[in-house]
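Please open the structure in your viewer and keep the selection panel at hand. This tour proposes one selection after another and describes what is found at each.

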Amino acid sequence: MSLDKVDEKLADYSADHFLNGALVTNADNIIVYANTYFQKELQWNCNELIGKSVDKIIAKSSKIFLQSYVLPTLLHEKACQEMQLIMLSAQGERMAVTVNAQLDEKGYIYWSFFNATQRDKLYDELIKTREKLEAQTERLQSLASTDELTNLLNRREMNCRSVLLLEQAMRSKQSVALLIIDIDNFKVVNDTFGHLEGDRVLKELGQRLKHFGRQTDLISRYGGEEFLIMVPDTNKADTLSFCQRLHLLIAEIKVGNRPVTASIGASLSTAKTTFTDLFAQADNAVYEAKERGKNRTQLYDNP
């Protein structure tokens with residue numbers, strides 16, 4: 001094919017054939033050229049746009065961005081890419097567009113506008129999907145760290161957080177109390193009134209403990225009818241007082257018109273106490289409380 005024929009073929013093509021808006025403005029931001037994209041997509045009469053300010057087809061919010069960022073960028077860099085603007089149709093409808101622009105030596109700006117509506121929809125869908133994934137992640141984390149029946153911390157989470165609490169107490173030279181609360185005669189409750197009643201007792205106790213404790217306390221259902229509370233920044237007298245109030249709280253729960261009771265074993269940390277040490281001490285104390293008649297608090301006597 002000769003060059004003449006190639007030139008004739010190229011003459012059949014213009015900016016009107018591209019699926020984007022092509023616009024040229026002069027140094028005064030007056031439109032000097034607009035392809036038919038603006039008529040097809042935005043219902044503007046291209047001939048009527050000539051001689052009008054580019055502000056005519058830009059939404060008010062985008063005019064501010066255009067004047068404060070896009071135009072200064074063009075003056076400094078001579079080009080800008082992938083700017084987000086809102087264009088207006090002839091009927092005033094808004095359309096999100098992505099803009100590329102280039103400034104020439106005579107002050108003319110060559111604009112390319114690409115419809116970004118589908119891109120924005122996709123972005124919104126991605127945001128919603130991310131929010132769903134984040135919610136699912138939080139749900140999974142909650143399931144992994146809480147007891148399903150009582151919504152308290154589970155055994156695994158209690159073990160993890162207790163180490164951090166003891167480390168913090170050690171740095172601030174504070175004592176931490178570990179309380180083991182073991183419901184008395186819980187097997188009798190299950191055998192006499194059924195496991196649903198037993199679950200009701202556990203759930204209600206869990207809720208009461210959660211509202212009773214401070215924000216700094218760690219409260220967990222450690223297993224079966226056994227609950228753990230770690231109380232930071234406390235001493236022997238305050239721990240015993242705390243336990244007495246716990247007994248009154250637990251007695252508010254009734255089974256067959258009789259109050260629920262629990263035995264409580266308590267242990268206080270020292271400078272080098274680990275969670276394993278505290279748990280073993282409180283476990284010995286709760287066993288001793290059971291041996292001494294139940295429904296009482298036994299403080300571990302650290303030799």
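The tour begins with the whole chain, then visits two sheets, a pair of helices and a single loop residue.

**The whole chain**

Display the complete chain as a cartoon, bearing in mind that this is a predicted model. The secondary structure comprises ten helices and twelve strands. Of the 303 residues in the protein, 40% are buried. Among contacts between residues at least 6 apart in sequence, 57% join residues at least 24 apart.

**The antiparallel sheet**

Select strands β1 to β5. In which order do the five strands of this open sheet lie? The order is β2-β1-β5-β4-β3, and the pairing is antiparallel. The edge strands are β2 (31-34) and β3, each of which pairs on one side only. From one strand to the next, the twist averages 25°. As general background, the strands of a sheet pair through backbone hydrogen bonds, either parallel or antiparallel.

Next, colour β1, residues 21-25, and look for its link to β5. Five bridges join these two antiparallel strands, and T25 stands opposite I109 in β5.

Now select β4, residues 94-103. Is this strand mostly covered or mostly uncovered? Strand β4 is mostly covered, since seven of its ten residues are buried. On one side, β4 is joined to β3 (residues 79-88) by eight bridges, and the two strands run antiparallel. To see one pair in this ladder, select Q84 and its bridge partner in β4, T98. Strands β3 and β4 form a hairpin with five residues between them, and G92 in the turn has a positive phi of about 85°.

Strand β4 also pairs with β5 (residues 109-115), in the antiparallel sense and over seven bridges. Here V97 stands opposite N115 in β5. These two strands form a hairpin as well, with five residues between them, and G107 in its turn has a positive phi of about 95°.

To finish this part, add helix α4, residues 60-77, to the view. Helix α4 lies across β3, β4 and β5 and runs at about 160° to β3.

**The mixed sheet**

Select strands β7, β8, β6, β11 and β12. These five strands form an open sheet in the order β7-β8-β6-β11-β12, with mixed pairing. Why is one side of β7 and of β12 left without a neighbour in the sheet? Strands β7 (218-223) and β12 (297-299) stand at the edges and each has a single partner strand, so one side of each remains free of a neighbour in the sheet. On average, neighbouring strands of this sheet are turned by 20° against each other, direction ignored.

Focus on β11, residues 262-268, which pairs with β12 in the parallel sense over three bridges. Select G265 to see it opposite Q298 in β12. Then add helix α9, residues 236-251, which packs on the sheet and touches β6 (176-183), β8 (226-232), β11 and β12. The direction of α9 makes about 160° with that of β11.

**Helices α7 and α8**

Select α8, residues 195-212. This helix has 18 residues and reaches 25 Å from its first C-alpha to its last, close to the 26 Å expected at 1.5 Å a residue. Show the side chains of its buried residues, namely G198, V201, L202, E204, L205, G206 and L209. The buried residues of α8 pack against β6, α7 (186-193), β7, β8, α9 and β9 (254-255).

Of these partners, bring up α7. Helices α7 and α8 pack at an angle of about 135°, with their axes 6 Å apart. The two helices are therefore oblique to each other. At their meeting place, F186, V189, N190 and F193 in α7 meet H195, E197, G198, V201 and L202 in α8.

**A buried residue in a loop**

Lastly, select D147, which is found in the loop between α5 (117-145) and α6 (155-171). Is D147 buried or exposed? Its relative accessibility is 14%, so D147 counts as buried, the cut-off for that class being under 20%. Switch on side chains to find the polar contact between the side chains of D147 and T150, at 2.7 Å. Leaving aside residues up to four places away in sequence, D147 touches L152, L153, N154 and R221.

How values were computed: Residues are numbered from 1 along each chain as its sequence is written. This is a predicted model: local features need pLDDT of at least 70, side-chain atom pairs count only at pLDDT 80 or more; totals for chains, interfaces and linings use all residues. Side-chain values use heavy atoms; hydrogens and water are left out. Two strands pair if DSSP finds at least two bridges between them. Helices (H or I, at least four residues) and strands (E, at least two) are DSSP runs, numbered from the N terminus. Axes are lines fitted to C-alpha atoms, for helices over the stretch in contact, and angles run from 0 to 180 degrees between N-to-C directions. Contact means heavy atoms within 4.5 Å. Buried means under 20% relative accessible area, exposed over 50%, partly exposed in between (1.4 Å probe, protein chains only). A polar contact is a pair of N or O atoms within 3.5 Å; within protein, one must be able to donate a hydrogen and the other to accept it, and residues adjacent in sequence count only if both atoms are side-chain atoms. The expected span of a helix is 1.5 Å times one less than its number of residues. Angles under 35 degrees count as roughly parallel, over 145 as roughly antiparallel, 65 to 115 as roughly perpendicular and the rest as oblique.
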